[in-house]
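Here is a relaxed walk through one protein chain, meant for someone meeting it fresh. Take a look at the sequence and the model, then read on.

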Amino acid sequence: MKQITAIFRPHRLEAVEAKLHELQHLPGFTIFPARGHPRGHGHDHHFADDEWNPDSHQQTVLIAFCNDADAAGIVDAITKAAHTGHSGDGIVGVSELTDVVRIRTGERADAAL
């Protein structure tokens, strides 16, 4: 089982949702707004003196739990839909899950997805 966490620009949310709904199997996902600071643009992406901005950037965070077989398709859908070609498009991470429990039914692992 995998957890997919994606952070991307808020104006790409509709495109990401539409692309995910095109998938044959998507167990569901959660979306929430976030604020973040990008990595630096100095040498090796270290902080540069000219980039301080007290206002963090608006971002959207999406989290989805899925079985191993569906992970690559979900990541591909998100990256294609969120892509603008500009710095700050976002990032997608995939983590291994040891267990998932559906609160309502008590189902575990793949059965909970």
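Let's start with a hollow. The second largest pocket holds about 190 Å³ of space. Its lining is made up of P27, G28, F29, T30, I63, A64, F65, V100, R102, A112 and L113. Strand 3 supplies the largest share of that lining, with three residues. Keep in mind as you look around that this is a predicted model.

**The overall plan**

Step back and the chain turns out to have two helices and four strands. Reading from the N terminus, the elements come in the order β-α-β-β-α-β. The chain has 113 residues, and 27% of them count as buried. If you take the contacts with a separation of 6 or more, 72% of them are between residues 24 or more positions apart.

**The sheet**

How are the four strands ordered in the sheet? The order is 2-3-1-4, in an open sheet with antiparallel pairing. At the edges sit strand 2 (30–36) and strand 4 (90–96), each of which pairs on one side only. From one strand to the next, the twist averages 20 degrees.

Strand 3 is a good place to see the pairing up close. Strand 1 (residues 2–8) and strand 3 (residues 57–66) run antiparallel and are joined by seven bridges. Strand 2 also runs antiparallel to strand 3, and seven bridges join that pair. Here are three of the residue pairs involving strand 3:

| Residue | Facing residue in strand 3 |
|---|---|
| K2 | C66 |
| T5 | I63 |
| T30 | I63 |

So I63 turns up twice: I63 is the bridge partner of T5, and T30 stands opposite I63 as well. You have also met T30 and I63 already, since both help to line the second largest pocket.

Another strand 3 residue worth a stop is Q59. Is Q59 buried or exposed? Its relative accessibility is 17%, so Q59 counts as buried, the cut-off being under 20%. Leaving out residues up to four places away in sequence, Q59 touches I7, F8, R9, P10, F32, P33, A34 and G88.

**The helices**

Both helices lie across the sheet's strands, though over different sets of them. Helix 1 (residues 13–21) lies across strand 1, strand 2 and strand 3, and runs at about 15 degrees to strand 3. Helix 2 (residues 68–82) lies across strand 1, strand 3 and strand 4, and runs at about 5 degrees to strand 1.

A71 gives you a close-up of helix 2. With a relative accessible area of 7%, A71 is buried, because buried means under 20%. Apart from residues up to four places away in sequence, A71 touches K2, I4 and C66. K2 and C66 are the bridge partners from the table. As for I4, it is 67 residues from A71 in sequence, yet C-alpha to C-alpha the two are 7.5 Å apart in space.

**The cores**

I4 comes up again in the largest nonpolar core, which has 14 residues. Which of its members touch the most other members? They are I4, F8, V16, L20, L62, I74 and I78. Strand 1, helix 1, strand 3 and helix 2 are the elements that give two or more residues to this core. Helix 2 gives the most, with six residues.

Pick I78 as an example. Setting aside its neighbours within four places in sequence, I78 is in contact with I4, A6, V16, L20, L62 and V92. There is also a second, separate core of five residues, which includes M1, L97, A112 and L113. A112 and L113 are familiar from the lining of the second largest pocket.

**One odd backbone angle**

Finally, have a look at A109, in the segment after strand 4. Most residues other than glycine have a negative phi. A109 is not a glycine, and still its phi is positive, at about 55 degrees. What is the relative accessible area of A109? The value is 31%, so A109 counts as partly exposed, since that falls between the 20% cut-off for buried and the 50% cut-off for exposed.

Methods
Residues are numbered from 1 along each chain as its sequence is written. This is a predicted model: local features need pLDDT of at least 70, side-chain atom pairs count only at pLDDT 80 or more; totals for chains, interfaces and linings use all residues. Side-chain values use heavy atoms; hydrogens and water are left out. Two strands pair if DSSP finds at least two bridges between them. Axes are lines fitted to C-alpha atoms, for helices over the stretch in contact, and angles run from 0 to 180 degrees between N-to-C directions. Contact means heavy atoms within 4.5 Å. Buried means under 20% relative accessible area, exposed over 50%, partly exposed in between (1.4 Å probe, protein chains only). A nonpolar core is a set of buried Ala, Val, Leu, Ile, Met, Phe, Trp, Tyr and Cys residues joined through side-chain atoms within 4.5 Å. On a 1 Å grid over the protein atoms alone, a cavity is a set of points where a 1.4 Å probe fits but cannot get out, and a pocket is an open set with protein on both sides within 12 Å along at least five of seven lines; lining residues have an atom within 4 Å of a point. Grid points are joined across faces, edges and corners, and a volume is the space filled by probe spheres set on the points.
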